[in-house]
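Got the viewer open? Keep the selection box handy and follow along, one stop at a time.

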Amino acid sequence: MASSSTPSPFPDLPISGISFPHSPITAAAFAYTKQHTTEAIYNHCVRSAYWALILAKKLAPLAAMEPDLEAVVLACVLHDMGWSFNKELLSSYKRFEIDGADLARKFVEGYKAAGAEGGESWGKERVQRVWDSIALHTMNSIAPFGSAEVATAHLGIMADFSGPKFPANPWDDPTKFATPSPAGAVITVDEFREVLRAFPYAGFGAEYAGEIFCGLCREKPVATFDNFVGDFGREYGLDGKGGGKEEYLEMWTRANSPGKLTGNFTYLKGLLEE
C-alpha cells in the first residue's frame with residue numbers, strides 16, 4: 001500500500017486553483033483502478049475527482065454541505081471499477097454501479113486491515129458514504145439531492161460528460177436544461193483543457209461508452225432492464241451494431257411489463273377473499 005513518502009499521481013492544477021487532497025489511500029486506490037481498468041476508464045475516474053473538487057469550491061450549495069473531500073475523491077477514483085476488464089471481480093447479475101461500490105468497500109476494508117497509513121480513519125460509516133456515492137452515481141434524479149458526498153461525487157462524474165456546458169444550477173427543474181447554461185458558467189474552457197491535459201481521454205467517448213453499455217446488455221442483461229444502460233441495448237443491440245436488438249427488446253419488455261405489479265396486487269387481494 002502507498003505511504004506518505006510515495007509521490008502523488010495527482011498534480012495540483014494552478015489554472016483551476018485545485019490543490020489536490022493528497023493521501024496514501026487515494027494513491028493506492030488509483031493504482032488499484034489502473035491495475036483493473038483501461039487508461040480511458042481510469043483517466044475518466046480521476047478527471048471526475050478533479051471536477052468534483054472544482055464544483056465543491058464553485059457551487060455554494062455544495063460548499064455549504066461540507067463534503068468529506070477525501071471520501072469524494074476515493075469514490076470518484078473507484079467509481080467505474082464495475083467496468084473492469086477483470087471479469088473475475090464482477091458479479092453476473094448486479095448493476096455495474098453496485099459492482100463498483102462493492103469493490104470499493106472491499107478495497108478500503110483491505111487497506112485498513114493491512115494496517116496501511118491512514119486506514120484507521122475509515123470506519124464503517126465513512127466507508128458507507130463511499131459505497132453510497134458509487135452506487136448512486138448515475139442516478140440523476142436522486143444523487144444531487146443526497147448526502148454531501150453522494151451529491152459531490154455524482155456531479156463531478158457527470159461533469160466529465162458536460163465539461164464547460166455543466167449547468168449553472170444542477171438542482172434545478174431538469175426541463176429547464178433544454179435551454180442550457182452558457183458555456184463556462186461553472187467550468188471554464190481553460191479549466192477543462194487543464195484537466196484534460198493532465199488526464200487525457202485516451203479513447204474515452206461516446207463510441208467507447210456505447211461498447212461498454214452494449215456489452216453489459218449482452219453479458220448480464222438482467223442488470224440493465226431497470227436503468228439507462230438498457231436504452232443502449234434497445235437502440236444499438238447487443239453488439240452495438242443492431243445485432244440482437246430484437247432479442248434484447250423482447251427481454252426488456254418482459255422485465256418491465258406493468259402486468260407484474262398489477263398481477264401481484266390481484267394475487268394479494270385474492271388472499272383476503274379466501
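Which ring does the charged end of Arg126 sit over? Select Arg126 and Trp122 together: the charged end of Arg126 sits over the ring of Trp122, 3.8 Å from its centre. Bear in mind as you click around that this is a predicted model.

**Zoom out**

Switch to cartoon for a moment. You'll see 12 helices and 0 strands, so the pattern along the sequence reads α-α-α-α-α-α-α-α-α-α-α-α. The radius of gyration is 20 Å, close to the 19 Å that the globule rule gives for 274 residues, so the protein is as compact as a globular protein of that length. If you want a box around the C-alpha trace, its principal axes span about 70 × 50 × 40 Å. Colour by burial and 46% of the 274 residues come up as buried. Turn on contacts between residues at least 6 apart in sequence, and 66% of them join residues at least 24 apart.

**Aromatic rings**

Now show the Phe, Tyr and Trp side chains. The count comes to 18 aromatic pairs, taking ring centres within 6.5 Å. Pick out Phe107 and Tyr111, a tilted pair with 6.3 Å centre to centre and 35° between the planes. Both belong to helix α5 (residues 96-113), and being 4 residues apart they are separated by about one helical turn. An α-helix has 3.6 residues a turn, so residues three or four places apart point the same way. Buried or exposed, what is Phe107? Phe107 counts as buried, because its relative accessibility is 9%, and Tyr111 is buried too, at 0%.

Next select Phe232 and Tyr236, another tilted pair, with centres 6.1 Å apart and 40° between the planes. These two lie in helix α10 (residues 229-236), again 4 residues apart, about one turn of the helix. Phe232 is partly exposed at 22% relative accessibility, and Tyr236 is partly exposed at 40%.

For a group of rings, select Phe10, Phe20, Phe30, Tyr42, Tyr50 and Phe199: they form one aromatic cluster.

**Around α10**

Stay with α10 and highlight Val229, Gly230 and Gly233, the buried residues of this helix. Look down the helix axis: the buried residues fall within an arc of 100°, so they line one face of α10. What do they pack against? Show α5, α9 (206-219) and α11 (245-255), and you have the packing partners of the buried residues of α10. While you're here, select Arg234 and Trp252: the charged end of Arg234 sits over the ring of Trp252, 4.0 Å from its centre. Then step just past the end of α10 to Gly237, which takes a positive phi of about 80°.

**Last stop: cysteines**

How many disulfides does the structure hold? The count is 0. Select Cys45 and Cys76 to see why this pair is not bonded: the sulfur of Cys45 has its closest cysteine sulfur in Cys76, 8.3 Å away, which is too far for a bond. A disulfide would need the sulfur atoms within 2.5 Å. From the other side, Cys76 is in no disulfide either, with the sulfur of Cys45 as its nearest cysteine sulfur. Switch on the surface to finish: Cys45 is buried, with a relative accessibility of 1%, and Cys76 is buried at 0%.

Note on methods. Residues numbered from 1 in each chain as written. Heavy atoms only, no water. Phe/Tyr/Trp six-rings, centres within 6.5 Å; stacked < 30°, edge-to-face > 60°. Buried < 20%, exposed > 50% of the residue type's maximum accessible area, 1.4 Å probe, protein only. Lys NZ or Arg CZ within 6 Å of the ring centre and 35° of its normal. Arc of directions from axis to C-beta. Contact = heavy atoms within 4.5 Å. Rg over C-alpha atoms; globule rule 2.2 N^0.38 Å.
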